[in-house]
Amino acid sequence: MGRTLSVAPMLDWTDRHFRYFARLLSRRTLLYTEMVTTGALIHGDRERFLRHDPAEHPVALQLGGSDPAELAHCARMGADWGYDEINLNVGCPSDRVQNGRFGACLMAEPALVADCVAAMKAAVAIPVTVKSRIGIDDRDSYAELVAFTEQVAAAGCDALIVHARKAWLQGLSPRENREVPPLRWDWVRALKRDVPALPMVLNGGVTRLEQVEELLSERRLDGVMIGREAYQNPWLLADVDRRLFGAPNPVSTPQQALAAFLPYVERQLVEGVPLASMTRHLLGLFHACPGAKAWRRTLSEQVHRPDAGIEVLMAAASRVRMPSRASELAEA
């Protein structure tokens with residue numbers, strides 16, 4: 001399974017509907033679920049959290065937890081449900097996550113993270129990976145990052161995805177933790193140099209395919225992960241297959257992507273899924289086109305009607321004018 005490009009796990013964003021749509025734009029990009037806690041899987045509605053469409057592959061399940069036995073149990077669930085990878089969240093700094101003793105606070109306990117990885121590796125035959133920060137609070141030296149990485153690598157971790165910012169566990173909100181601590185791409189490059197056997201993926205601050213191409217051209221990283229930009233501007237993914245993989249792009253215009261999504265929307269509506277649960281992921285689709293504001297407004301105003309169906313999407317799309325040249329869309 002390639003890691004050349006992936007879309008980050010993002011709470012409330014990378015649900016199954018977004019992932020299905022993203023897969024229409026790129027066949028090769030690795031997709032991740034939202035973080036799912038071990039408690040939610042063990043005690044909650046596992047179908048709600050694990051359900052996904054076969055079209056989403058390759059797709060990875062991200063888990064949040066710190067008990068090796070529980071993580072092993074949930075990793076086994078993920079493998080049984082057909083996921084291609086299990087990823088452990090060691091990067092989220094929210095208070096709720098800290099109170100559950102998982103996420104970024106685990107960077108202070110590398111031996112426990114290693115135990116968690118080893119337990120999951122013993123439970124499943126698919127890759128087990130970790131997504132971390134470069135440090136937390138005052139535990140932010142490069143030497144500590146190397147020590148953490150070496151421990152999880154020794155436990156059998158198949159790849160490390162590094163958000164190239166430290167996290168402040170107190171004093172900054174999750175949003176501020178994505179923006180305020182300075183980016184240190186150089187640390188991730190150095191980490192790959194110092195722990196060369198472990199596949200390394202860089203996350204944080206990547207917003208353009210040109211950046212991805214530049215980072216990969218250095219041949220010091222095994223992959224790049226894009227976060228919010230891939231959600232807020234999903235059309236970014238539409239040229240990935242050609243530029244990064246030398247393969248044909250699945251669609252050539254946002255209208256084609258929307259048309260390909262409509263049968264899925266119709267199927268989900270029959271199952272009782274609210275239209276807004278799917279259209280909320282499409283608001284940024286036409287962001288570079290004249291009429292994008294009318295597209296967003298029409299969706300926001302119409303999708304909550306009890307009888308709303310795909311005609312709402314079609315009406316909203318009719319308000320958009322495509323640029324006369326395809327290059328204008330790429331350049332916007």
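Okay, let's start with what I'm calling a helix or a strand: helices are DSSP runs of H or I with at least four residues, strands are runs of E with at least two, and both are numbered from the N terminus. With that in hand, we can place Arg219: it's in the loop between helix 10 and strand 8 (223-226). And please keep in mind that what you're looking at is a predicted model.

Let's stay with Arg219 for a moment. Its phi is near 60°, which is a positive value in a residue other than glycine. Is Arg219 buried or exposed? It has 75% relative accessibility, and the cut-off for exposed is over 50%, so Arg219 counts as exposed.

There's another residue like that on my list, Asp137. Phi of Asp137 is near 45°, again positive and again not a glycine. You'll find Asp137 in the loop between strand 5 and helix 7. Asp137 has a relative accessible area of 23%, so we call it partly exposed.

While we're on backbone oddities, have a look at Pro58. The peptide bond from His57 to Pro58 is cis, with omega near 0°. Pro58 sits in the loop between helix 3 (46-50) and strand 3 (59-64).

Now, helices. Go back to helix 10, which covers residues 209-217. Which of its residues are buried? They are Leu209, Gln211, Val212, Leu215 and Leu216. These residues cover an arc of only 155° around the axis, so they lie on the same side of helix 10. If you're wondering how that works, an α-helix has 3.6 residues a turn, so residues three or four places apart point the same way. Now turn helix 10 around: the face away from its buried side carries the exposed residues Glu214 and Ser217.

Helix 15, residues 292-302, can be read in a similar way. Its buried residues are Ala292, Ala294, Trp295, Thr298 and Leu299. Here the arc is only 165° around the axis, which is why we can put them on the same side of helix 15. On the other side of helix 15, Lys293 and Glu301 are exposed.

Hang on to Lys293, please, as it comes up again. Lys293, Arg296, Arg297 and Arg319 gather on the surface in a patch of positive charge. Where does Arg319 come from? It's in the loop between helix 16 (310-317) and helix 17 (326-331). Arg319 is at 44% relative accessibility, so it counts as partly exposed.

Next up, salt bridges. The idea is simple: side chains of opposite charge can pair when their charged atoms come close. The rule I used is a side-chain nitrogen of Lys or Arg within 4 Å of a carboxyl oxygen of Asp or Glu. How many salt bridges does that rule give? The count comes to 18.

Let me walk you through some of them. Arg280 and Asp15 meet through their side chains at 3.1 Å, N to O. This pair links distant parts of the chain, 265 residues apart: Arg280 is in the loop between helix 14 (275-279) and helix 15, and Asp15 is in the loop between strand 1 (5-7) and helix 1 (16-25). Asp15 has a relative accessible area of 12%, so it's buried, while Arg280 is partly exposed at 34% relative accessibility.

Then there's Asp140 with Lys166, where the closest N and O atoms are 2.8 Å apart. These two are 26 residues apart and also link distant parts of the chain, with Asp140 in the loop between strand 5 (128-132) and helix 7 (142-154), and Lys166 in the loop between strand 6 (159-163) and helix 8 (174-177). Lys166 is buried, with a relative accessible area of 12%, and Asp140 is partly exposed, at 29%.

One more pair: Arg184 and Asp186 form a salt bridge, with the closest N and O atoms 2.9 Å apart. Arg184 is partly exposed at 30% relative accessibility, and Asp186 is partly exposed too, with a relative accessible area of 39%. Salt bridges can also share partners, and that's how Arg208, Glu210, Glu213 and Arg243 are joined into one network.

Last stop, Pro263, which is in helix 13 (residues 254-270). It counts as partly exposed, at 38% relative accessibility. Measure by sequence and Pro263 is 47 residues from Ile310, but in space the two are 9.0 Å apart, C-alpha to C-alpha.

Notes: Residues numbered from 1 in each chain as written. Predicted model: local features only at pLDDT ≥ 70, side-chain atom pairs only at ≥ 80, totals over all residues. Heavy atoms only, no water. Patch = residues over 30% accessible without salt bridge, like charges linked within 9 Å, V, L, I, M, F, W, Y side chains within 5 Å. Areas by Shrake-Rupley, 256 points an atom, 1.4 Å probe, with all protein chains shown as cover. Lys, Arg positive; Asp, Glu negative; His and termini not counted. Charge placed at Lys NZ, Arg CZ, Asp CG, Glu CD. Buried < 20%, exposed > 50% of the residue type's maximum accessible area, 1.4 Å probe, protein only. Arc of directions from axis to C-beta.
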